[in-house]
Amino acid sequence: MSSFPTVRPATPADHPGLVRIWRRAVEATHTFLTAADVDAIETEVRTAALPGLTVLVAQHDDGTPVGWVGTDGHRVEALFVDPSAHGGGVGSALLAAATTGMPRVELDVNEQNPGAVGFYEHLGFVRTGRSGRDGQGRPFPLLHLRRDRLPEPSDPASSTTALLLGYVDFYRDRVLARYAALPVADRTTGRLPSGWSPAELLHHLSCMERRWLEWGFVDADLPDPWADHVDGRWALPPGVGADDVVAALSAQGLRTREIAESVGPGAAGLPSGRWAGAPPATIERTLLHVVQEYARHLGHLDVVVELATGSTGE
């Protein structure tokens with residue numbers, strides 16, 4: 001028998017054994033569940049989760065399974081390791097195999113299972129929210145976690161524009177995740193001598209993308225392109241709150257991708273005030289500038305989050 005299990009795709013013939021692993025793992029770690037709860041959830045695992053997910057199995061050389069992971073797109077919906085293999089790296093190996101190449105991975109974990117919460121946070125997942133009940137409405141709080149991966153030089157990309165959009169999306173997602181990690185009161189409070197608040201930073205980034213992509217490429221007469229600045233500093237428009245800036249930045253990200261993909265490789269921007277009299281830049285040069293804007297401001301936000309919560313960035 002090998003010292004470390006191998007990982008392979010599951011088949012329907014594996015399902016009964018995987019249900020048994022699930023039950024042993026849950027009984028060892030989910031002490032907040034009653035026996036009736038475990039019985040009910042086991043039925044869901046057997047009839048819905050296993051048949052409906054993409055499942056990988058970790059097994060010994062003799063074919064004995066010791067863990068499994070189930071995914072649906074970029075979401076990890078299940079990860080269970082037999083208690084006999086806990087602490088041996090099986091869970092990490094399954095997670096790595098199931099998420100290879102994914103720029104973003106999301107999952108939910110029971111708040112009452114601190115061992116699992118610590119496992120995911122050790123692997124770089126950050127908290128993005130909380131629900132007081134699980135997906136079936138039961139009173140078991142869930143923590144929503146996410147991990148974003150910086151694109152690697154070896155990752156395939158169909159074009160330079162696609163590559164740069166991947167970096168922009170990564171940094172935008174990291175900004176949104178770090179913002180979500182802040183206590184609500186800290187999102188509109190300035191902690192640094194310069195006085196800006198995280199909500200103002202998100203509004204600035206939304207306007208920054210709008211200036212470079214909309215003003216620069218599709219709307220030479222864009223009204224109020226500097227809506228994030230008042231008297232030389234960042235400011236929120238009247239009536240814009242801490243949640244509004246999240247929705248606006250997410251929507252602007254979709255607009256950025258739509259514009260960048262529509263203009264084509266090597267396309268130059270429209271002659272407009274965006275370029276301050278210089279020849280309009282190409283879409284690739286513009287996206288590269290947007291990447292550096294995000295990377296710089298993510299570092300600023302990391303500092304504020306650490307001051308507010310003690311949680312460090314990457």
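Visitor: In which helix of this predicted model is Ile41 found?
Guide: Good place to start! The helix to look for covers residues 35-52. Ile41 is found in that stretch, helix H2.

Visitor: Is Ile41 buried or exposed?
Guide: The number to look at is its relative accessibility, which is 14%. A residue counts as buried when that value is under 20%. Ile41 therefore counts as buried.

Visitor: Which residues is Ile41 in contact with, leaving aside its neighbours within four places in sequence?
Guide: Setting those neighbours aside helps you see what else Ile41 touches along the chain. Three names remain for Ile41: Trp22, Leu33 and Arg138.

Visitor: What distance separates the C-alpha atoms of Ile41 and Pro271?
Guide: Along the chain, Ile41 and Pro271 are 230 residues apart. In space, their C-alpha atoms are separated by 60 Å.

Visitor: What does the C-alpha trace of the protein chain span along its principal axes?
Guide: Let's step back to the whole chain, which has 314 residues. Its secondary structure comes to 8 helices and 9 strands. Along the principal axes, the C-alpha trace spans about 70 × 40 × 30 Å.

Visitor: What is the order of the strands in the open sheet?
Guide: The open sheet has 7 strands, and their pairing is mixed. The edge strands, each pairing on one side only, are strand E1 (6-9) and strand E6 (126-131). From one strand to the next, the twist averages 25°. Reading across the sheet, the order is E1-E2-E3-E4-E5-E7-E6.

Visitor: Over how many bridges do strands E5 and E7 pair?
Guide: Strand E5 covers residues 104-110 and strand E7 covers residues 142-148. One place to see them side by side is Asp108, which stands opposite His144 in E7. The two strands pair in the antiparallel sense, over 7 bridges.

Visitor: Which helix packs on the sheet and touches E5, E6 and E7?
Guide: Strand E4 (75-81) is also touched by this helix. The direction of the helix makes about 165° with that of E5. With residues 114-122, this is helix H4.

Visitor: Do E4 and E5 run parallel or antiparallel?
Guide: To find these strands, look for Val76, which stands opposite Leu107 in E5. E4 is joined to E5 by 2 bridges. The two strands run parallel.

Visitor: How many of the residues of E5 are buried?
Guide: Strand E5 has 7 residues, and the strand is mostly covered. For the whole protein chain, 45% of the residues count as buried. In E5, the buried residues number 5.

Visitor: Which residues does Ser206 touch, not counting residues up to four places away in sequence?
Guide: You'll find Ser206 in helix H6 (residues 198-218). Ser206 counts as buried because its relative accessibility is 8%. The residues it touches are Ala248, Leu249 and Gln252.

Visitor: Why does Arg211 count as buried?
Guide: Arg211 also has its place in helix H6. Leaving aside neighbours within four places in sequence, its contacts are His204, Gly216, Pro225, Trp226, Asp228, His229 and Arg274. Arg211 counts as buried because its relative accessibility is 3%.

Visitor: How many Å apart in space are Arg211 and Ala251, C-alpha to C-alpha?
Guide: In sequence, Arg211 and Ala251 are 40 residues apart. Going from C-alpha to C-alpha in space, they are 14 Å apart.

Visitor: What is the phi of Asp231 near?
Guide: Asp231 lies in the loop between strand E8 (229-230) and strand E9 (233-234). With a relative accessible area of 80%, Asp231 is exposed. Most residues other than glycine have a negative phi. In Asp231 phi is positive, near 55°.

Visitor: In which loop does Ala276 lie?
Guide: Ala276 is not a glycine, yet it has a positive phi of about 50°. Its relative accessible area is 73%, so Ala276 is exposed. Ala276 lies in the loop between helix H7 (244-263) and helix H8 (283-309).

Visitor: How far apart are the mean positions of the positive and negative charges of the protein chain?
Guide: The chain has 27 positive and 39 negative charges. Take the mean position of each group and compare the two points. They are 1 Å apart.

Conventions: Residues numbered from 1 in each chain as written. Predicted model: local features only at pLDDT ≥ 70, side-chain atom pairs only at ≥ 80, totals over all residues. Heavy atoms only, no water. Helix = DSSP H or I, 4+ residues; strand = E, 2+ residues; numbered from the N terminus. Buried < 20%, exposed > 50% of the residue type's maximum accessible area, 1.4 Å probe, protein only. Contact = heavy atoms within 4.5 Å. Pairing = 2+ DSSP bridges. Axes fitted to C-alpha atoms, helices over the stretch in contact; angles between N-to-C directions. Lys, Arg positive; Asp, Glu negative; His and termini not counted. Charge placed at Lys NZ, Arg CZ, Asp CG, Glu CD.
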